[in-house]
Every structure is written in structure tokens, then in C-alpha cells.
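Trainee: Please pick one part of this structure and take a close look at it with me. I'm new here, and I'd like everything to hang together in one go.

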Amino acid sequence: MTTAVAAPFRFFSLQVVRTRRLGPSLVRVTFAGPDLHAFHSDGLDQSLSLFLPHPGQSEPVVPLELGDGWWQGWRDLPDDVRAVMRSYTLRSLRRGPDGPDEIDIDFALHGMEPGAAVPAGPASRWAARATPGDRVLLLGPAVADNRAIRFRPPEDTDLVVMWGDETAVPAATAILESLPAGTRVRAWLEVGHMGDIQDVVTDADAEVTWLVREPGRPEGPPMALDALRGIRFPAGARPYVWLAGESGCVRALRRHFVGERGTDRRRVTFVGYWRHGLSEEQLRAQE
């Protein structure tokens, strides 16, 4: 069953089709559902809300029967009953002429690595154990151009600058793969393991630098910050900057571009996907 929410977003009932491990801390989950024909997005970093069941539940509990009142109804449910909600970005959408439409979502498995200092959260545990047939709910776009798309370079952009950590790698690689020939790109992608580095096929004139954090590296500025301070972009360049990942790192990089480099803040998109030491519920409570 699907229920429309305030346009341009709606719920989609999905099932896991398959999973594929991309690296020590990344797993790709492919979903299909009967209503994905109504899923539309032109975004390269399309944000989605995913609702997951608790262990022992056959499907996530969201009171869709309340219509527009689903949100308050969901919040009023007991913690161990209401579906776990997490925000992700769309990795890819495939239309199937001879089969079901499918979407891919890549999960960063925080806390699942051997010796991890922080225990895994419910979404990481779910993704690591996902099997075909597992049921989820997705709150996603029914309108292709919607407010949950953040990557929007101005028309006069002649240089795209990107930074992301492993939580932003799905969006960053989707962006890179979709950029047209002739687009100049400098990208820094920061991951926890060598095995998380991915091959990126793009027509763009892209220089992608992968940075691997040392085990046990303390919280602090992103590794790319020192490298960026030593780089001079072409005189007269009209850059567009996209920053996504851990909130503290995103803020530090935004200060660098806006404060140190003097980049027009209107040409800097910054998105905090998560924050050290806080769950998504705690982050939402601070909003």
C-alpha cells in the first residue's frame, strides 16, 4: 500500500532485491517496488528518507492510514515500535522495460568495522544483514525537480569543486558520473579503508583524489583541508563548491572557501549528513 504525502513527495513500499558489498564500510542495497514508476528525480544528490523495521518486525511501522498526520502519529509510537528513519541519497535509478524499476542506495556501515570505537547504529546493522525480500518504506520524490536536490551549480560555473566522506560518496560518485564532457572538476573523497575506493567513470575533465583515514584518527578537520590550502585555482575561475558529509568537517571546509578564499557563499552548497557522537534522532531534536 502507498499513501501520498504532501507533493512532491510520497511513500513507496519497497523490497530488497539484492545486496553487494562495495568495500569494508560500504554496501549497496537494490530495491524494487510496484509503484517506482511514479518515482521521479532529476537530482544527482537526491535526498531520501528511508524507514526500516526493528529486528523481529516483518515491515517498518509507519501510520500511513493517518494521511497527512502520519508524521505526528509516527513520533507518538513507542521507540521500539516506530520504524527507524534515516536519510540517504539516491545512488541510481533504473527503468526496466522487461522487469521492475529498481533503485540503489549505498549504506556506510559505521561501527561495523573490526575494532570500531563506536557501536553500529540500527541502519548499519540492518544494511549489513539485508536479504532479498526484506521490506522498507521510502519517502521519495514524485516530482523530478524538488527541494531535496542540493547540487545546483550556476550556469556560469567553469570549475566544480567537491568534498565528501564515505556517507557522501554515493552522491559524489553519482554527480561525477553524470557530469558532461568538458566540465572541470576537482574532487576529494575521504574514506576509512583502501577497499572503499571506487572506480569512477565520467566524461567530465575530473581529477578525483581519494584520501584514506588512518585507523583511530581522532575527530578533527577533514584530511583534504591541508591539501586545499596549498592549491591555487585558475585566476578568474567561477567555481561552484559542493561539500557533504560529517557536519564539523563540512563547516571547516566552508570556512576555508568562504572565509579564506573569499568564494561567494551563494556558490557554496554544504550539507551535513551526520555528526560525530550524535544519532539522527539527536540531530533532528536540535533542528
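Mentor: Let's get our bearings, then settle on one sheet and what sits around it.

A bit of bookkeeping comes before the tour. This is a predicted model, where local features need pLDDT of at least 70 and side-chain atom pairs count only at pLDDT 80 or more, while totals for chains, interfaces and linings use all residues. Residues are numbered from 1 along each chain as its sequence is written, and side-chain values use heavy atoms, with hydrogens and water left out.

Now the overall picture. You're looking at 287 residues, 49% of which count as buried (under 20% relative accessible area; over 50% is exposed and in between is partly exposed, with a 1.4 Å probe and protein chains only). The protein has 6 helices and 12 strands, which are DSSP runs numbered from the N terminus: H or I over at least four residues for a helix, E over at least two for a strand. About 14,000 Å² is exposed, and carbon and sulfur atoms supply 50% of that (Shrake-Rupley method, 1.4 Å probe; for residues, only the protein chains shown count as cover). Take the contacts (heavy atoms within 4.5 Å) between residues at least 6 apart in sequence: 69% of them join residues at least 24 apart.

There's a 7-strand open sheet with antiparallel pairing, in the order β4-β3-β7-β1-β2-β6-β5 (two strands pair if DSSP finds at least two bridges between them). In that sheet β4 and β5 (92-94) are at the edges with a single partner strand each, so one side of each has no neighbour in the sheet.

The part I want to dwell on is the other sheet I have in mind: an open one of 5 strands, running β10-β9-β8-β11-β12 with parallel pairing. Its edge strands, β10 (205-212) and β12, each pair on one side only. From one strand to the next, the twist averages 10° (axes are lines fitted to C-alpha atoms, for helices over the stretch in contact, and angles run from 0 to 180 degrees between N-to-C directions). Zoom in on β9 (residues 184-191) and you'll find 8 parallel bridges to β10. There, Arg-186 stands opposite Glu-207 of β10.

Next, the helices that go with this sheet. Helix α3 lies across β8, β9, β10, β11 and β12, at about 155° to β8. α5 packs on the sheet as well, touching β8, β11 and β12, and its direction makes about 160° with that of β11.

α3 covers residues 169-178, and 8 of its 10 residues are buried. Those eight are Val-169, Pro-170, Ala-171, Ala-172, Thr-173, Ala-174, Ile-175 and Leu-176.

In α5 (247-260), the buried residues are Ser-247, Cys-249, Val-250, Ala-252, Leu-253, His-256, Phe-257 and Val-258. They pack against β8 (159-165), α4 (224-229), β11 (239-246) and β12. The length of α5 works out too: at 1.5 Å a residue its 14 residues should span 20 Å, and the end C-alpha atoms are 19 Å apart, which agrees (the expected span is 1.5 Å times one less than the number of residues).

Look at the two ends of α5. Glu-246 caps the N-terminal end, with a side-chain oxygen 2.8 Å from the backbone nitrogen of Gly-248. Just after the helix, Gly-262 takes a positive phi of about 75°.

Carry on along the chain and you meet Arg-267, in the loop between α5 and β12 (268-274). Buried or exposed, would you say, for Arg-267? At 14% relative accessibility, Arg-267 counts as buried. Its side chain makes a polar contact with the side chain of Asp-156, at 3.0 Å (a pair of N or O atoms within 3.5 Å; within protein, one must be able to donate a hydrogen and the other to accept it, and residues adjacent in sequence count only if both atoms are side-chain atoms). Leaving aside residues up to four places away in sequence, Arg-267 touches Asp-156 along with Pro-154, Thr-157, Arg-238, Pro-239, Tyr-240 and Val-241. Pro-239, Tyr-240 and Val-241 should ring a bell, as β11 spans 239-246.
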